[in-house]
Amino acid sequence: KIKILFLLFIAMLSVSTSPIIARYLDAVPAVTISFWRMALGAIILWFISIIKKQIPLNSKQQKRTIIAGILLGIHFALFFGSIKLTTIANATFLGTLAPIFTFIIEKFILRRKHSPALILGLGLAICGAFIIVGNKFDFSSDYTTGNFLAVSCSVFLGLAFIISENVRKKVGTISFSRTLFSSA
């Protein structure tokens with residue numbers, strides 16, 4: 001249990017500090033930051049899979065995971081691009097609205113049913129998004145461009161979630177993630 005808590009702590013620390021670090025890397029393009037984030041993650045996962053043998057993905061699972069990985073790569077490029085144009089808080093909050101876009105796709109395209117509690121929670125998240133971006137809404141400002149990039153990155157992450165949902169249910173985390181990160 002301590003090992004898992006330690007790994008979760010390291011993961012949360014890494015995820016939480018990456019926008020701050022990216023913000024101060026002015027000379028490094030967002031796509032470069034995205035590439036190295038995914039490349040390092042993929043390398044670590046491939047080494048882990050050598051030590052701890054993994055069941056490989058079948059052809060259909062691999063195709064879906066590669067498509068989801070490309071969408072994840074676009075998500076990160078847009079996210080790190082948004083960090084350079086808006087506040088870290090805006091980019092982080094708006095960049096994590098993927099559940100809203102996932103819900104919209106599931107509800108209106110895939111015709112899935114959802115509980116009223118989920119709809120209420122998503123409604124609150126949308127209200128929060130408008131509160132956060134409302135005071136800096138100006139089409140000529142970098143903040144607005146950054147906010148649009150952050151919302152766009154959420155759309156790509158939502159699509160990646162939907163495309164890879166059935167794959168993730170059937171394969172191990174490491175097999176899935178190493179392919180996802182490699183293709184991102």
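Let me begin with one residue, T65, which has its place in helix α3, where a helix is a DSSP run of H or I with at least four residues, a strand is a run of E with at least two, and both are numbered from the N terminus. T65 is buried at 0% relative accessibility; buried means under 20% relative accessible area, exposed means over 50%, and partly exposed lies in between, with a 1.4 Å probe and protein chains only. If we leave aside its neighbours within four places in sequence, T65 is in contact with L57, V167, F176, T179, L180 and S183, contact being heavy atoms within 4.5 Å.

Before going on, I should say that this is a predicted model, in which local features need pLDDT of at least 70 and side-chain atom pairs count only at pLDDT 80 or more, while totals for chains, interfaces and linings use all residues. Residues are numbered from 1 along each chain as its sequence is written, and side-chain values use heavy atoms, with hydrogens and water left out.

Now to the nonpolar cores. A nonpolar core is a set of buried Ala, Val, Leu, Ile, Met, Phe, Trp, Tyr and Cys residues joined through side-chain atoms within 4.5 Å. The largest one has 22 residues, and those with the most contacts inside it are L72, F79 and F80. Which elements give two or more residues to this core? They are α2 (30-51), α3, α7 (142-170) and α8 (173-183), and of these α3 gives the most, with 8 residues. A second, separate core has 7 residues, including L97, F103, L122 and A129.

F79 deserves a closer look: apart from its neighbours within four places in sequence, F79 is in contact with P19, A91, T92, G95 and C153. C153 in turn is buried, with a relative accessible area of 0%, whereas C127 is partly exposed at 46%. How many disulfides does the structure hold? The count is 0, a disulfide being a pair of cysteine sulfur atoms within 2.5 Å.

Let me turn to the aromatic rings. A pair of aromatic rings is described by the distance of the centres and the angle of the planes. The rule used here takes rings of Phe, Tyr and Trp (its six-membered ring) and pairs them if their centres lie within 6.5 Å, with planes under 30 degrees apart counted as stacked, over 60 as edge-to-face and the rest as tilted. By this rule there are 3 aromatic pairs. In one of them, F35 and W36 have ring centres 5.0 Å apart and planes at 80°, so this pair is edge-to-face. F35 is partly exposed, with a relative accessible area of 49%, and W36 is also partly exposed, at 47%.

The pair of F76 and F80 is stacked, with 6.1 Å from centre to centre and 20° between the planes. Why are F76 and F80 separated by about one helical turn? The reason is that they are 4 residues apart in helix α3 (residues 59-83). F76 is buried, with a relative accessible area of 11%, and F80 is buried at 1%. Together with F79, these two residues form one aromatic cluster.

A ring can also have a charge over it, which is counted if NZ of Lys or CZ of Arg is within 6 Å of the ring centre and within 35 degrees of the ring normal. Here the charged end of R178 sits over the ring of W46, 4.4 Å from its centre.

That brings me to charged pairs. Side chains of opposite charge can pair when their charged atoms come close. A salt bridge is a side-chain nitrogen of Lys or Arg within 4 Å of a carboxyl oxygen of Asp or Glu, and a search of the whole structure finds 2 of them. R112 and E106 meet in a salt bridge of 2.9 Å, N to O; R112 is partly exposed at 30% relative accessible area, while E106 is buried at 14%. R112 also forms a salt bridge with E165, the closest N and O atoms being 2.8 Å apart. R112 lies in the loop between α5 (98-108) and α6 (116-134) and E165 in helix α7, so this pair ties together parts that are 53 residues apart in sequence. Through shared partners, the salt bridges join E106, R112 and E165 into one network.

I will finish with I105, which is found in helix α5 and is buried at 17% relative accessibility. Its C-alpha atom is separated by 8.5 Å from that of G158, although the two residues are 53 residues apart along the chain. Leaving aside its neighbours within four places in sequence, I105 is in contact with L110, L159 and I162.
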